[in-house]
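Here are a few short exercises on helix packing and charged pairs, each with a worked solution. Keep the viewer open and try each task before reading on.

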Amino acid sequence: MCSYVIETKRLTKKYGEQTAVNAVNIHVEKGRIYGLLGRNGAGKTTIMKMILGLTPVTSGEIDVLGQNIKGREKRVYPRIGAIIETPGFYPNLTGTENLEIFAKLRGTAAPNAVKNALDIVGLPYRDKKLFSKYSLGMKQRLGIANAILHDPELLILDEPTNGLDPIGIAVVRDFIKDLSTERGKTILISSHILSEIALLADDVGIIDHGVLLEENSMETLKRKNSKYILLQVSDIPKTSLVLERQFGVTDYSVQDDHSLRIYNTSLDMAAVNKALVVQDVAVISSQLCNDTLEDYFKKITGGEGIA
Amino acid sequence: MTIIFTEILKWKRNKTVWGIFILTAILGVFAVERACNISRSSPLMDSFGDLYTLAFKNLTSLFLPIVLGMFATTLFFDEQKNDTLKGLLIIPVSKAQLYFSKIAVVILMSLGLCLFTFVICIVGGLIAGGFTDLNTETILQAGLLFLAGGALIPVAMLPIIFLATLSKGYILPIGAVLLYLVPVVLVPSQLMGLHPLASVMGIYPHISPAAIEMANSWTGNAVITASPMTCSVSLLAIGIISIIVSVIVLQKKTF
């Protein structure tokens with residue numbers, strides 16, 4: 001049995017008549033990075049806010065770290081570190097002073113907690129630079145330092161690479177990856193950038209208009225979107241027989257009445273075409289396809305896809 | 001205590017606090033300057049009570065309520081503006097804890113400004129000289145008056161602090177501070193027992209003998225009908241209602 005660190009059951013959020021999140025069931029496994037992928041306004045932040053108690057749940061349930069969070073916030077939240085939207089700090093204080101405030105409020109016992117957190121994200125300890133003078137990348141890193149300050153088991157990071165330059169994105173991505181692989185943290189991360197999620201996440205939940213369209217491991221998704229031969233023919237049953245009996249192909253899927261996908265791309269298509277013609281099957285087209293994850297997301301979200 | 005301490009830490013390097021203390025010092029210096037320029041034979045400045053009540057009046061009649069209203073608004077609004085509120089709530093710090101810690105900081109600020117003016121009065125009294133009644137007893141009376149003002153004015157400002165928790169900007173609570181003060185300036189005696197700030201004025205004469213003269217000049221020698229008990233109960237009742245509705249409003253607010 002899987003031990004889920006986060007499990008939502010028919011989680012729903014309505015603002016008046018508008019449904020922002022609709023009966024979402026997400027399952028975040030221990031020690032893995034779960035990427036919540038969707039366009040801006042898809043409902044990612046609302047889900048995270050509901051998990052963190054920042055916005056009330058309309059209906060449904062949330063279990064975090066094996067407990068239903070309702071009424072157990074004081075026990076559960078100290079075990080979570082989070083960044084929601086932009087990391088907020090006091091502009092008149094330095095990064096160290098800001099973290100010291102949060103450490104005091106959390107009752108963080110470790111004497112070097114602030115220094116260690118700053119070291120992990122590569123920010124200087126006891127630097128005189130005020131938060132108001134920080135670059136966006138430094139602000140995001142300080143946000144991550146604050147989220148890991150108390151060594152939480154679970155991290156909830158809402159678009160942590162938002163607004164960063166490519167180098168900053170790579171640096172933050174590496175922090176997050178290290179937190180999971182080296183420190184064993186479970187991470188729920190949201191993004192509207194497909195490539196980010198593809199590089200980071202072990203599991204993916206695709207959300208669109210508040211509905212979770214798919215939840216799967218990244219490995220499965222990648223497998224689903226590998227190379228294949230798209231064959232369009234006049235008779236699918238006869239084609240299936242030819243493929244299975246004459247060529248021993250079983251790794252194929254029927255798309256509709258006239259097309260199927262063959263996942264063994266090393267198949268001799270000239271021989272297949274010849275065999276089909278002999279069986280009186282008209283071959284309309286035969287082409288090698290290579291769908292990307294983006295094509296797949298476009299297809300399942302029914303729209304423009306994600307950057 | 002930790003949360004109150006961290007509230008104070010947040011004000012490090014904040015120029016607003018320095019500005020408030022400088023303006024308070026200027027108001028105190030105005031009173032001392034009058035003490036230096038008016039003869040001790042004049043009934044206007046013939047006792048130490050005249051000096052400290054003048055300084056007290058300068059501080060508490062308009063300046064302190066305005067400053068506390070603005071300060072409280074900033075305390076609540078800046079957490080939203082800087083996006084720090086979400087970070088605090090997921091620690092988790094409860095909204096009620098957050099509210100009471102900010103109220104504590106407002107009270108500390110008020111007491112700090114009153115203590116600062118009190119010290120200016122003593123030093124100013126010694127500099128101006130000629131106060132034959134400047135002794136432990138009158139200093140104690142002055143101390144009690146400043147302590148009462150420092151503690152009661154924040155309570156009287158709780159309805160404004162409620163607006164600060166309710167609103168999403170500076171304009172409503174700061175505008176309300178000015179509207180809140182106008183009736184007290186115009187008809188203080190009639191509002192004692194009704195309006196929290198006027199009620200505070202009704203309590204002062206019962207704390208320090210020198211404050212009787214101050215209250216008379218405040219009310220234009222009008223007869224004060226409200227008893228100190230009525231004023232205290234009214235002040236307390238409005239304060240408690242304001243606290244309850246503020247906490248309810250904060251609990252319902254989403255971020």
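A residue counts as buried when its relative accessible area is under 20%. Please keep in mind that this is a predicted model.

**Exercise 1.** Find the salt bridge between B:Lys10 and B:Glu7, and decide whether each partner is buried or exposed.

*Solution.*
- Start with the distance: the N to O separation between the two side chains is 2.8 Å. A salt bridge needs the nitrogen within 4 Å of the carboxyl oxygen, and B:Lys10 and B:Glu7 do form one.
- Next, take B:Glu7: its relative accessible area is 1%, so B:Glu7 is buried.
- Finally, B:Lys10 has 7% relative accessibility and therefore counts as buried.

**Exercise 2.** Work out which elements are joined by the salt bridge of A:Lys44 with A:Glu159.

*Solution.*
- The closest N and O atoms of A:Lys44 and A:Glu159 are 3.5 Å apart, and the two form a salt bridge.
- A:Lys44 belongs to helix H1 (residues 44–51) of chain A, while A:Glu159 sits in the loop between strand S8 (154–158) and helix H6 (166–181) of that chain. The pair thus links distant parts of the chain, 115 residues apart.
- For burial, A:Lys44 has 3% relative accessibility and counts as buried. A:Glu159, at 9%, counts as buried too.

**Exercise 3.** Describe how helices H3 and H5 of chain B are arranged, and find a salt bridge that ties them together.

*Solution.*
- Begin with the axes: those of H3 (residues 48–81) and H5 (residues 95–128) of chain B come within 9 Å and cross at roughly 155 degrees.
- Angles over 145 degrees count as roughly antiparallel, so H3(B) and H5(B) are roughly antiparallel to each other. Their crossing is right-handed.
- The residues of this contact comprise 20 nonpolar, four polar and two charged ones.
- Now look for the charged pair: B:Glu79 forms a salt bridge with B:Lys102, with 2.8 Å between the closest N and O atoms. B:Glu79 lies in H3 and B:Lys102 in H5 of chain B, so the pair ties together parts 23 residues apart in sequence. Both B:Glu79 and B:Lys102 are buried.

**Exercise 4.** How many salt bridges does the structure hold over all chains, and which residues are linked in a network with B:Asp83?

*Solution.*
- The count over all chains is 19 salt bridges.
- B:Asp83 is linked in a network of salt bridges with A:Lys49, A:Glu85 and B:Lys86.

Technical notes: Residues are numbered from 1 along each chain as its sequence is written. Chains are lettered from A and ligands numbered from 1 in the order in which they are written. This is a predicted model: local features need pLDDT of at least 70, side-chain atom pairs count only at pLDDT 80 or more; totals for chains, interfaces and linings use all residues. Side-chain values use heavy atoms; hydrogens and water are left out. Axes are lines fitted to C-alpha atoms, for helices over the stretch in contact, and angles run from 0 to 180 degrees between N-to-C directions. Helices (H or I, at least four residues) and strands (E, at least two) are DSSP runs, numbered from the N terminus. Angles under 35 degrees count as roughly parallel, over 145 as roughly antiparallel, 65 to 115 as roughly perpendicular and the rest as oblique. A crossing is left-handed if the near helix is turned anticlockwise from the far one by less than a right angle, and right-handed if clockwise. Ala, Val, Leu, Ile, Met, Phe, Trp, Tyr, Cys and Pro count as nonpolar, Asp, Glu, Lys and Arg as charged, and the others, Gly among them, as polar. Buried means under 20% relative accessible area, exposed over 50%, partly exposed in between (1.4 Å probe, protein chains only).
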